[in-house]
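Here is a colleague's note to read beside the model. Please keep the 3D view open and find each element as it comes up.

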Amino acid sequence: MSTFKKLLTVTALLIGGFVHAQSNFTSKSIGVGVVVADMQRSLDFYVKGIGMVKTGNFTINAEFGKRGGLTGGEAVEVNILKLENGPEGTDWKLMSFGKKASHPKPKFIQDDTGPQYITIQVKSLTPIIDRLKAQNVTFLGSTPTPLTKESHFVLVQDPDGTFVELIGPM
């Protein structure tokens, strides 16, 4: 078999697998559940600091939490945040059990396993930087760091240690 035919066959298999895998989803986004120590502090960070919008909330009752294997029988209120209020936006679902983390807050992304950071593309960094400074949020590294002529990178952590990358023009 020629190199071209082998390449064509591999490409067809890859594309076929990709199309098949993608056809099983009913949404283009992934909802992310985040357990936080202090709900109000986290809402202030994400809504008043980052600029997300609260789009709703719901309660997982104790019975469903236990039956579904989510909470072991504890009820919890879930606050839904999005970058913009629309059906295609990712749900950033905050919930709190009123407990501090059982592990130390990471200093760098390599300090723990699991999801460590989120990346948010913004139209302008300046208003977000101003809001975060007003909340006394610590900026990490030498940020804002230029990426391109128009784009900069800012790194902060939410109150529980999740790293938040903000990328956009100043």
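The points below go through the two sheets, then the helices on them, then the cores.

1. Start with the status of the model: the structure is predicted. Keep this in mind when reading the values.

2. One open sheet has four strands in the order β1-β4-β3-β2, with mixed pairing. The edge strands are β1 and β2 (53-60); each has a single partner strand, so one side of each has no neighbour in the sheet. From one strand to the next the twist averages 25 degrees.

3. As a reminder, strands of a sheet pair through backbone hydrogen bonds, either parallel or antiparallel. In this sheet, β1 and β4 are parallel and share five bridges. Valine 35 faces methionine 95 of β4 across that pairing. Strand β3 (residues 76-82) runs antiparallel to β4, and four bridges join them. Two places to check are isoleucine 80, whose bridge partner in β4 is lysine 93, and leucine 81, which stands opposite tryptophan 92.

4. Another open sheet, also mixed in its pairing, has four strands in the order β5-β8-β7-β6. Its edges are β5 and β6 (145-146), each with a single partner strand, so one side of each is left without a neighbour in the sheet. The β6 and β7 strands are antiparallel, with two bridges between them. Threonine 145 is placed opposite phenylalanine 153 of β7.

5. Which strands does α2 touch in each sheet? In the sheet that holds β5, β7 and β8, α2 touches these three strands, and its direction makes about 10 degrees with that of β8. In the other sheet, α2 touches β1, β3 and β4, at about 160 degrees to β4. The helix α4 lies across β7 and β8 and runs at about 145 degrees to β8.

6. The largest nonpolar core has 23 residues, and the members that touch the most others are Tyr46, Ile50, Leu94, Val164 and Leu166. Elements that give two or more residues to this core include β1 (32-36), α2 (39-50), β4 (92-96) and β8 (163-168). The most comes from α2, which gives five residues. Apart from this core lies another, of five residues, among them Leu140, Phe153, Phe163 and Ile167.

7. What does tyrosine 46 touch, leaving out residues up to four places away in sequence? The contacts are Gly51, Met52, Leu81, Trp92, Leu94, Ile118, Asp158, Thr162 and Val164. Of these, Leu94 and Val164 are also among the core members that touch the most others.

Note on methods: Residues are numbered from 1 along each chain as its sequence is written. This is a predicted model: local features need pLDDT of at least 70, side-chain atom pairs count only at pLDDT 80 or more; totals for chains, interfaces and linings use all residues. Side-chain values use heavy atoms; hydrogens and water are left out. A nonpolar core is a set of buried Ala, Val, Leu, Ile, Met, Phe, Trp, Tyr and Cys residues joined through side-chain atoms within 4.5 Å. Buried means under 20% relative accessible area, exposed over 50%, partly exposed in between (1.4 Å probe, protein chains only). Contact means heavy atoms within 4.5 Å. Two strands pair if DSSP finds at least two bridges between them. Axes are lines fitted to C-alpha atoms, for helices over the stretch in contact, and angles run from 0 to 180 degrees between N-to-C directions.
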